[in-house]
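Trainee: I'm new to this one and would like to get my bearings. Please give me the overall picture, then a close look at a single part.

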Amino acid sequence: MTALRQRKGSKGKEPTLGAEFQPQQPNCCTDHHPEKILHGDWSWGAIIWTSVGWSVSVGLGLLCCIYVATLHENDLWFSNIKEVEREISFRTECGLYYSYYKQMLQAPSIQEGLSELIHDNLTESKRTINLLQRMNIYQEVFLSVLYRLLPIQSYLEPVYFYIYTVFSLQAVYVIALYLTAWLLSGSWLAGTLTGIWYILNRVDTTRVEFTISLRENWSLPFLALQVTTITCYLRPQLTALQQKVMVWLMYVTTFCFCLTWQFNQFILLVQAFIIYTLDCADFLTTTQVTTLYLVQVSGLLSVWLLQFCNSMILGSLVLSFIVAALFIRHCQSGLKTGNLLVRLGKVLLHSATVLLLTFTINYLAKKALQLRSDEHIFKFIKSKFALGPTRDFDASLYLCEEAFGLLPLDTLERLAGTLLLYPYIITLLLLSAMLAVAALQNLSTPKGSSTEERKGAGEGRLVAFRPDVAYNLLHTLFYGLLAFSTMRMKYIWTGHMCAVAAYGVCGTELWTLLLNTLRCNTKVLLRLVRYAVPLVMIGCLYYKFWPKVMEELSELREFYDPDTVELMTWISTKTPKQAVFAGSMQLLAGVKLCTGRVLTNHPHYEDKDLRERTRQVYQVYARRSPEEVYDILRAVGADYVVLENSICYERRHRRGCRLRDLLDLANGHIMDGPGEDDPDLIPATHPRFCEAIKTDTASYTALFTRTFQNKTFHVYRIKKKRKKSAKGSSEPSVTQ
């Protein structure tokens with residue numbers, strides 16, 4: 001197992017409750033939106049303070065980039081370890097993705113490198129696949145081409161060019177969140193507070209320092225940029241030209257987000273639900289709704305073309321939903337007429353019709369495309385919410401991982417410790433109440449009115465809601481629910497959470513509401529609390545966390561995994577270059593990166609045939625006869641199989657979630673150890689293969705030869721010709 005060890009020797013009048021809920025005009029030189037200069041405000045105050053705001057955003061972005069890069073170096077001593085150790089540090093699927101960057105650089109030319117990726121026969125044995133179609137690895141291709149073209153080879157190693165690019169995207173992420181908070185509140189102090197919160201809550205906002213190549217580390221910065229452009233697009237002050245620029249920026253950021261993460265369709269589906277909700281509650285104009293939907297569709301279809309017409313995109317729920325929503329919206333022209341009860345009834349009927357048409361379109365699309373690549377995700381969702389069987393092997397692999405469980409409560413404790421949670425909750429509650437009131441007011445509009453016709457009809461209303469605030473509120477609510485249901489998704493939520501909390505602290509609306517309630521609302525007092533409170537909070541955070549950050553940066557460790565290093569060295573030097581290796585998905589990703597050998601399976605799980613192959617290869621950890629396992633491994637073309645003690649004798653997971661338990665359940669066998677079993681399970685007729693093979697009995701040595709072993713790994717060569725066994729198997733063989 002990989003370990004880290006300590007290095008030797010180291011240590012106007014302000015608005016009232018009845019006013020229109022619109023952005024306020026700046027009352028002093030310190031209150032400027034980042035786009036203020038674009039509207040013709042070229043005063044020295046606007047120029048200076050806008051420049052200061054942009055400078056602070058860049059400074060915080062660079063600070064975050066340097067911070068995570070330093071932590072990565074300090075944890076691994078990356079600059080001082082061997083190349084094989086650096087590559088092993090790219091854990092699980094990260095190693096697989098990085099291997100394609102390495103492969104492109106080792107190719108004789110860019111054209112040959114691309115050809116190898118398009119006609120790849122190393123990632124899955126006995127198959128030729130198009131990696132650019134199957135996986136989201138265009139970022140590796142782009143970086144490898146850039147590294148070849150730039151004159152930096154003499155002083156910057158390829159691995160550093162790669163990791164520094166990913167760390168630089170964290171700077172982009174922070175700047176995007178900063179701009180979102182600035183746009184919402186009108187004060188760049190909100191952006192400053194956002195950046196500080198993001199950095200201090202690093203454990204819950206990013207995991208980039210130890211999962212560098214993970215697809216989310218490439219895509220989430222672009223998602224944050226997309227949210228920033230949407231926020232700017234929904235602001236009412238933009239000119240027609242600026243709106244067009246924002247639409248193009250939305251498309252570019254959506255395209256980059258979709259291109260870099262295979263789960264893009266599910267994230268965009270949630271975003272489409274947000275747009276749909278705002279449309280039903282009449283917060284957006286018809287043009288805005290249609291534009292936002294078409295931006296999503298354009299981004300997805302552009303990626304579909306680049307990924308050689310990947311059927312998963314055409315068969316995605318988000319595309320089906322958008323088509324259904326736009327079609328039903330066009331057909332139901334009288335949707336936004338009538339009194340409150342009629343409108344509510346129409347919204348419910350409209351929503352039911354849209355959902356029914358969505359599932360119909362999606363079902364037909366998947367039937368036509370014969371698409372089954374994403375069915376494991378829906379199996380996981382069904383099992384997670386007890387809507388389907390819980391014995392499914394693929395679904396159980398996800399359900400038994402902590403990252404796919406519910407959000408732990410200690411996450412909220414950490415967020416509260418940095419003073420983030422409390423202002424966030426207060427902001428969320430107040431804005432949600434105001435949003436609900438504003439939605440009811442919109443739905444109560446007299447018959448024949450529409451959003452476009454109500455632009456100047458804000459007087460006399462109790463509450464009116466800015467569309468950019470409404471979008472960001474629903475964004476944090478929807479993705480917050482997603483984060484609570486699946487812990488891995490918290491990284492989408494927590495970064496935006498910082499921006500929403502900072503808006504609550506620095507924005508005018510919530511302070512105006514509070515001061516009006518206390519009956520002490522004056523221009524001077526509002527201005528004082530808007531700037532004094534965030535400054536006091538920043539001072540408290542500095543006083544509390546600066547020593548802890550310095551202590552964290554002073555902790556020096558180094559990479560230490562001698563068993564894996566020994567294994568990779570042996571494979572590189574003692575096995576043929578075209579040898580095929582079988583084993584766990586996580587380990588084989590490292591084998592591909594460190595040795596370039598052919599794999600039987602790998603961690604990129606978005607393919608039905610690969611999932612079935614993985615389940616069969618994993619029978620080496622089940623109770624199967626040597627003949628059955630031999631037939632399985634020969635069917636997938638394996639020459640060697642690597643057995644890991646950490647899986648065979650696993651204790652990390654509880655009973656029922658260990659890999660050997662999942663295999664026993666899928667095979668209908670009783671699990672190891674004390675505990676209850678389902679009544680339909682039966683005892684296995686064979687011992688567990690990974691344990692029994694180590695006894696070197698004749699039935700095993702006739703088929704397998706041990707070629708390598710250490711404390712962690714056992715490698716067996718699979719003999720080419722199967723000798724007749726004196727005793728046949730009592731169970732049917734599992735074959736490819």
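**A close look at Ile670**

Mentor: Let's start wide: the protein chain exposes about 31200 Å², with carbon and sulfur atoms supplying 64% of it (accessible areas come from the Shrake-Rupley method with a 1.4 Å probe, and for residues only the protein chains shown count as cover). Keep in mind that this is a predicted model, where local features need pLDDT of at least 70, side-chain atom pairs count only at pLDDT 80 or more, and totals for chains, interfaces and linings use all residues. Residues are numbered from 1 along each chain as its sequence is written, and side-chain values use heavy atoms, leaving out hydrogens and water.

Of the 736 residues in the protein chain, 58% are buried (under 20% relative accessible area; exposed is over 50%, partly exposed in between). The chain has 32 helices and 7 strands (DSSP runs numbered from the N terminus: H or I of at least four residues for helices, E of at least two for strands).

Now zoom in on Ile670, which sits in the loop between helix 30 (659-667) and helix 31 (689-692). Ile670 counts as partly exposed because its relative accessible area is 29%. So what does Ile670 touch, leaving aside its neighbours within four places in sequence? Its partners are Arg623, Asp664, Asp677, Leu681, Ile682 and Pro683 (contact means heavy atoms within 4.5 Å). Take Leu681 from that list: Leu681 and Ile670 lie 11 residues apart in sequence, yet their C-alpha atoms are 5.4 Å apart in space.

Definitions and conventions. Buried means under 20% relative accessible area, exposed over 50%, partly exposed in between (1.4 Å probe, protein chains only).
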